[in-house]
Amino acid sequence: MEDLLGFIALSIVIIIILLISIFSRPITKILFVALMVRVFFMLYGHYFSPLPDSTGDSTTFEKIAWIMSREGFSKILDNSTGLDIQFISWVIAIPYSLFGRSLLMAQSISLFLGMLNIILAWKVASKLWDRHTAKKATWTIALFPSLILYSVLLMREVYIVFFILIALYGSISLIKTQKIKFFILALSGFAGSILFHGAMIVGAIIFVIYVGLI
């Protein structure tokens, strides 16, 4: 049952990313290659040999999520961990409480965010440089070993990077356009990253000070 839930979640993620790639022509090939590489390592680590860092914090976060999920969906929503290292466990506990325990399902969420990180990196790089340079940067992110690894493990890094990229995109867009919606987007990105790692508040403070100065 655990693997069935995992494969359903993985299939949904694959379908969504493939649909997104259709409308992302400049990086369609990059997304396809990145997806296949990540799915391969996810399944290899699950069925054949544990991947690096997959038996430390990753295992602990998953076990805590399972323990939290036993309290039921409504109880979980009422007891958010807030700014705590276990916030990722609370996030994973939500689908666990609804569908059941499945490490593959939890890893599929990381995979989804890891793929969105590639798309966000493309958008950020495109705003900073030309498309040719942005594509090189996106290929690097898609195939960089550590980024592949943390895109298929139940770890905080992929969540933190996701929100930081949103914050960066909002910050750069705000500087270029001076539109308030990008200020809100940037703050939302920083807020999300702080939930997974309190030290990210430093970036938020610097951003607010910079906006105040300009």
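Helices (H or I, at least four residues) and strands (E, at least two) are DSSP runs, numbered from the N terminus. The model treated here is predicted: local features need pLDDT of at least 70, side-chain atom pairs count only at pLDDT 80 or more, and totals for chains, interfaces and linings use all residues. Residues are numbered from 1 along each chain as its sequence is written, and side-chain values use heavy atoms, with hydrogens and water left out.

**Exercise 1. Describe the overall fold of the chain.**

Step 1. Secondary structure: the chain has 11 helices and 0 strands. Read from the N terminus, its elements run α-α-α-α-α-α-α-α-α-α-α.

Step 2. Compactness: the radius of gyration, taken over C-alpha atoms, is compared with the globule rule, 2.2 Å times the number of residues to the power 0.38. The chain has a radius of gyration of 18 Å, close to the 17 Å that the rule gives for 214 residues, so it is as compact as a globular protein of that length.

Step 3. Extent: the C-alpha trace spans about 50 × 40 × 30 Å along its principal axes.

Step 4. Contacts (heavy atoms within 4.5 Å): of those between residues at least 6 apart in sequence, 70% join residues at least 24 apart.

**Exercise 2. Characterise the largest pocket.**

Step 1. Terms: on a 1 Å grid over the protein atoms alone, a pocket is an open set of points where a 1.4 Å probe fits, with protein on both sides within 12 Å along at least five of seven lines; lining residues have an atom within 4 Å of a point. Grid points are joined across faces, edges and corners, and a volume is the space filled by probe spheres set on the points.

Step 2. Volume and centre: the largest pocket holds about 250 Å³ of space. It is lined by 14 residues, of which A9, I12, P95, F99 and M105 are the closest to its centre.

Step 3. Contributing elements: α1 (2-22), α5 (87-99) and α6 (103-128) each give at least two residues to this lining. The largest share, 6 residues, comes from α1.

Step 4. Character: Ala, Val, Leu, Ile, Met, Phe, Trp, Tyr, Cys and Pro count as nonpolar, Asp, Glu, Lys and Arg as charged, and the others, Gly among them, as polar. By this division the lining has 13 nonpolar residues, 1 polar and no charged.

**Exercise 3. Carry out the same analysis for the second largest pocket.**

Step 1. Volume and centre: the second largest pocket has a volume of about 210 Å³. Among its 17 lining residues, G45, H46, S54, L103 and Q107 are the closest to the centre.

Step 2. Contributing elements: at least two lining residues come from each of α2 (28-47), α3 (57-69) and α6.

Step 3. Character: the lining divides into 7 nonpolar, 7 polar and 3 charged residues.

**Exercise 4. Locate D53 and Q178, and state their phi angles and exposure.**

Step 1. Cut-offs: buried means under 20% relative accessible area, exposed over 50%, and partly exposed in between (1.4 Å probe, protein chains only).

Step 2. D53: this residue lies in the loop between α2 and α3. Its phi is near 70°, a positive value in a residue other than glycine. D53 counts as partly exposed because its relative accessibility is 38%.

Step 3. Q178: this residue sits in the loop between α9 (157-177) and α10 (180-196). Although Q178 is not a glycine, its phi is positive, about 60°. Its relative accessible area is 55%, so Q178 is exposed.
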